[in-house]
Amino acid sequence: MLILALCFAAPFSAFANEVESPLYSSSVTAPLKGGNILFMKDSAEGRYNGKTYYSKGRQLYLYAKNKIDARKETFNLYVLYKDELTLYSATNNITQMVFLGATDDELSVNSTDGDYIRWAVKSLETLSVTKDTKKDGYYYYTLKVAFSYYDTPAQEKKVDSAVNSYINSFNTNGKTDVEIIREIHDYLCKKNVYDYDAAKNPYSYLYAFSSYGALLKGKCVCQGYAAAFYRICKELGYNVRFVGSDPDWGCHAWNIIQLDGKFYIVDCTWDDQIFDEDDLQITPYYYFLTDYDSSREYDSIGEHKLYSGLYDNNYFETNYKQYFAKKPYNRETNSRLSSCSVSLSENAFTYSGKAFSPSVTVKDGTETLNEGTDYTVSYSSNTSTGLARVDLTGTGEYEGTSSHRLFTIAPQNTDTLKVTAVTSTSVTLSWNKPEGGVTGYAVQTYQDGKWKTVARTSSTEYTVKGIKPSAKKTFRVRAYKTVYKRRIYNFYGNSVICCSKPKRVKIASVTPKKNALTVKWKKAKGSGYQLQYSTNKSFKNAKAVRVKYGRLSKTVKKLKRNKTYYVRIRAYKKYKTASGKTKTVYGKWSVKKSVIIK
């Protein structure tokens with residue numbers, strides 16, 4: 001089978017005064033362009049053999065976006081196309097275009113798509129092209145495509161956890177936008193060292209080109225710094241982009257971020273080198289909130305010159321480049337809301353069905369600004385569970401400047417948790433769905449002196465498996481809402497205490513005696529045993545006796561001679577519920593045995 005690889009770009013790995021050769025030395029297509037791709041329109045749609053086929057357009061790109069976000073290495077594209085396709089033309093006209101559309105800024109709605117997934121992709125290729133049918137003026141094609149990435153799904157899950165932990169512990173109250181962005185910048189610079197080995201040998205250090213390197217390994221190249229900065233700033237609601245220079249000449253990545261309607265350069269990589277190398281000739285914040293021209297002052301080969309193959313287009317010019325700042329950010333230049341501290345009266349709420357509008361306090365230094373005179377306030381997404389936003393728009397002396405803050409609306413508590421079924425190896429829990437919308441639920445058990453998450457589920461019922469027989473367990477559940485890949489939790493609701501059933505007892509022997517019988521059995525963990533005997537094989541009107549735990553035999557006396565008796569036994573376990581009541585749970589009855597009494 002012929003494989004045609006599309007080598008679309010080199011990884012960004014350059015560092016000051018040293019540039020390695022690109023990972024890919026040639027391209028079978030023209031350079032990739034980003035933003036406002038001309039084919040961003042609704043797809044035509046067709047059905048064949050139970051599958052939906054799309055022409056190039058929004059629906060096809062959204063489908064591929066989900067695959068790339070999940071780091072799928074191979075998947076099928078079901079494509080409508082007017083002309084016949086070869087493997088080569090499919091790569092040029094479909095696979096590359098789908099990649100561009102799926103990762104385009106115009107379709108970006110969260111912190112893990114758009115630029116984030118575009119630069120997570122290491123390479124892509126078309127493996128095969130199959131013509132399925134032709135109707136309504138279209139050929140129906142199945143394209144099998146392959147993508148490789150700088151990180152794995154498992155690594156990206158760890159990144160999600162790291163970002164969740166960092167964001168949830170990040171207190172923005174009383175800080176300015178500049179202070180918040182500086183804190184992120186410093187966090188990445190202090191956490192990381194530049195990975196020179198990865199820059200020289202990218203194939204051996206793929207993690208260094210992703211946020212996994214920056215957030216988990218503490219070693220990365222510029223691509224990792226820029227991806228991590230993009231991810232965190234996007235999570236906090238800032239308008240930020242991952243940008244880069246020509247990968248064949250310059251080969252560097254950094255970020256632009258918007259403050260007060262203008263875009264500034266932030267380059268954590270080169271600022272980190274200043275920190276690490278203690279270069280006193282350059283301020284360690286030289287590349288923090290600077291302008292485009294100033295950022296290029298120390299370039300030797302165009303490291304900070306925007307790559308024309310990516311950024312020379314109307315979309316980037318219209319939405320970004322025309323708003324580039326002409327000078328580095330200077331707090332003293334004029335009055336700006338981005339230099340003012342912002343505090344919300346509350347940062348976290350529980351869904352109630354009503355809109356939440358926390359009061360806002362804005363200070364310029366020690367001076368408290370006045371709403372209506374210095375700024376206006378608007379709220380959005382402040383009713384449903386998830387992330388809500390406060391936008392501040394400057395007026396009067398602060399005209400033309402802006403700021404924002406996010407706050408959370410958590411799902412209601414799950415106070416209806418109950419146990420609906422137990423076996424010797426599992427417990428089934430159920431609860432009611434809270435109002436206001438949830439993404440899922442975290443199920444926890446108390447184990448070894450601490451709470452441990454055993455599952456996350458979107459259902460209101462979950463069966464915890466792998467429990468030992470006669471095991472007392474404590475469970476609790478809380479709902480969460482996922483925004484981007486950040487989980488917003490409330491407090492846990494009620495907890496329940498239950499016990500799994502004892503394992504089924506095995507009878508070792510039943511021995512008849514004069515007017516009696518003796519039963520012996522194998523040990524089963526519990527509080528004791530219940531023995532039943534009857535002359536009716538269905539155990540109608542059966543008599544029962546209890547045997548203390550630790551004993552493994554019992555003689556039953558005063559039985560009728562020459563009668564057939566049926567015997568069975570089960571273990572039981574006593575435990576106390578959360579309310580302090582004593583309950584008993586029984587295991588399954590053993591296989592019944594019969595014996596004729598002497």
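Trainee: Quick one to start: is Arg-58 buried, partly exposed or exposed?
Mentor: In this predicted model, Arg-58 is partly exposed, with a relative accessible area of 26%.

Trainee: And which residue does Arg-58 form a salt bridge with?
Mentor: That would be Glu-106, and the closest N and O atoms are 3.7 Å apart. Arg-58 lies in helix α1 and Glu-106 in the loop between α2 and α3, so the pair ties together parts that are 48 residues apart in sequence. Glu-106 is partly exposed too, at a relative accessible area of 32%.

Trainee: Switching to Arg-241, what does that one pair with?
Mentor: Arg-241 forms a salt bridge with Asp-105, with 3.6 Å between the closest N and O atoms. Arg-241 sits in strand β9 and Asp-105 in the loop between α2 and α3, so this pair ties together parts 136 residues apart in sequence.

Trainee: Are Arg-241 and Asp-105 buried or exposed?
Mentor: Both Arg-241 and Asp-105 are buried.

Trainee: OK, what about Arg-231, who's the partner there?
Mentor: Glu-156, with the closest N and O atoms 3.3 Å apart. Arg-231 is in helix α8 and Glu-156 in helix α4, so they link parts 75 residues apart in sequence. Arg-231 counts as buried at 0% relative accessibility, and Glu-156 counts as buried at 3%.

Trainee: Which residues are in the network with that pair?
Mentor: Salt bridges with shared partners join Arg-71, Asp-151, Glu-156, Asp-160, Arg-231 and Glu-235 into one network.

Trainee: Last thing, how many salt bridges are there?
Mentor: The count comes to 15 salt bridges, taking a cut-off of 4 Å between the side-chain nitrogen and the carboxyl oxygen.

Key
Residues are numbered from 1 along each chain as its sequence is written. This is a predicted model: local features need pLDDT of at least 70, side-chain atom pairs count only at pLDDT 80 or more; totals for chains, interfaces and linings use all residues. Side-chain values use heavy atoms; hydrogens and water are left out. Helices (H or I, at least four residues) and strands (E, at least two) are DSSP runs, numbered from the N terminus. Buried means under 20% relative accessible area, exposed over 50%, partly exposed in between (1.4 Å probe, protein chains only).
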